[in-house]
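Trainee: Please take one part of this structure and look at it closely for me. After that, work outward to the rest, step by step.

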Amino acid sequence: MPKRTYTSLPENYPVCLHAKCKVASSCLHQLAYPKLLESEAFLHLINPNMCSKNKKCRFYRDSAPVMYARGFTNFQQRMYPQQYQEFMTILKGKFGRNAYFERRSGISALSPKEQKIVLDALKKAGVTEEMKFDSYEENINWYD
């Protein structure tokens, strides 16, 4: 299972200046600050007055990797045609047509939140058996 770390740091990621915060060592906004300070001419700064300096901070982003999934091409083979049609319609409504196919084929990784959307769509379509995604990987969850 591939593991990604800070090589995926997004450009213009919002940063926090509170290096002495209790959770600074595990907050992505604080960990991104020194990296972006070296490479970016302009930084997107979170207002220091709005940070609570603990895990209840509304800007806190845990740096622990989470499990992302890639692809669900095998789902269609295990569904009835009507179930698959309903499943696909639900997800195209949530993600959009192109984004649906990118997620289905594994081009785009599915965050835990998106995995839940896909699994909920299976239930709504009447699928009762447990289905697994094509592959899994650990990733840093920068935004969800």
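Mentor: Start with Gln-30, which lies in helix α1, the run of residues 28-39. Keep in mind that the model is predicted. Is Gln-30 buried or exposed? Its relative accessible area is 10%, and buried means under 20%, so Gln-30 is buried. What does Gln-30 touch, once its neighbours within four places in sequence are set aside? The residues in contact with Gln-30 are then Cys-16, Leu-17, His-18, Ala-19 and Ala-24.

Leu-31 is also found in helix α1. At 26% relative accessibility, Leu-31 counts as partly exposed, whereas Gln-30 is buried. Leu-31 and Val-15 are 16 residues apart along the chain, and 8.1 Å separates their C-alpha atoms.

Now turn to the sheet. It is an open one, built from three strands in the order β2-β1-β3, with antiparallel pairing. The edges are taken by β2 and β3, each of which has a single partner strand, so each has one side without a neighbour in the sheet. The pairing of β1 with β3 runs over five bridges. Two of the partnerships can be named: Tyr-68 has Glu-137 in β3 as its bridge partner, and Arg-70 has Ser-135 in β3. The pairing of β1 with strand β2, residues 109-110, is also antiparallel and runs over two bridges. There, Ala-69 stands opposite Leu-110 in β2. As background, side chains in a regular strand alternate between the two faces of the sheet.

The sheet leads to the salt bridges, of which the structure holds five. In general, side chains of opposite charge can pair when their charged atoms come close. One of the salt bridges joins the side chains of Arg-70 and Glu-137, at 3.1 Å from N to O. Why does this pair tie together parts that are apart in sequence? Arg-70 belongs to strand β1 (residues 66-70) and Glu-137 to strand β3 (residues 135-139), so the pair ties together parts that are 67 residues apart in sequence. Arg-70 counts as buried, because its relative accessibility is 18%. Glu-137 is buried as well, with a relative accessible area of 6%.

A second example joins the side chains of Glu-129 and Arg-78, at 2.6 Å from N to O. This pair links distant parts of the chain, 51 residues apart: Glu-129 sits in the loop between α4 and β3, and Arg-78 in the loop between β1 and α2. Glu-129 is partly exposed, at a relative accessible area of 40%, and Arg-78 is partly exposed too, at 36%.

A third example joins Lys-116 and Asp-120, whose closest N and O atoms are 2.9 Å apart. Both residues are in helix α4, and because they are four residues apart, about one helical turn separates them. Asp-120 is partly exposed, with a relative accessible area of 28%.

That brings us to α4 itself. Helix α4 lies across β1, β2 and β3 and runs at about 50° to β1. It also packs against a helix. Two packed helices are described by the angle between their axes and the distance between the axes. For helix α2 (residues 81-95) and helix α4 (residues 112-124), the angle is about 145° and the axes are 8 Å apart. The crossing of α2 and α4 is right-handed. On the α2 side, the contact uses Glu-86, Phe-87, Ile-90, Leu-91, Lys-94 and Phe-95; on the α4 side, it uses Glu-114, Ile-117, Val-118, Ala-121, Leu-122 and Lys-124. Sorted by type, the residues of this contact are eight nonpolar, no polar and four charged.

Helix α2 has another packing contact, with helix α3 (residues 97-105): their axes come within 7 Å and cross at roughly 115°. The crossing of α2 and α3 is right-handed. From α2 come Tyr-84, Phe-87, Met-88, Leu-91, Lys-92 and Phe-95, and from α3 come Arg-97, Ala-99, Tyr-100, Phe-101, Arg-103 and Arg-104. The residues of the contact of α2 with α3 divide into eight nonpolar, no polar and four charged. Phe-87, Leu-91 and Phe-95 of α2 appear in the contact with α4 and again in the contact with α3.

Conventions: Residues are numbered from 1 along each chain as its sequence is written. This is a predicted model: local features need pLDDT of at least 70, side-chain atom pairs count only at pLDDT 80 or more; totals for chains, interfaces and linings use all residues. Side-chain values use heavy atoms; hydrogens and water are left out. Axes are lines fitted to C-alpha atoms, for helices over the stretch in contact, and angles run from 0 to 180 degrees between N-to-C directions. A crossing is left-handed if the near helix is turned anticlockwise from the far one by less than a right angle, and right-handed if clockwise. Contact means heavy atoms within 4.5 Å. Ala, Val, Leu, Ile, Met, Phe, Trp, Tyr, Cys and Pro count as nonpolar, Asp, Glu, Lys and Arg as charged, and the others, Gly among them, as polar. A salt bridge is a side-chain nitrogen of Lys or Arg within 4 Å of a carboxyl oxygen of Asp or Glu. Buried means under 20% relative accessible area, exposed over 50%, partly exposed in between (1.4 Å probe, protein chains only). Two strands pair if DSSP finds at least two bridges between them.
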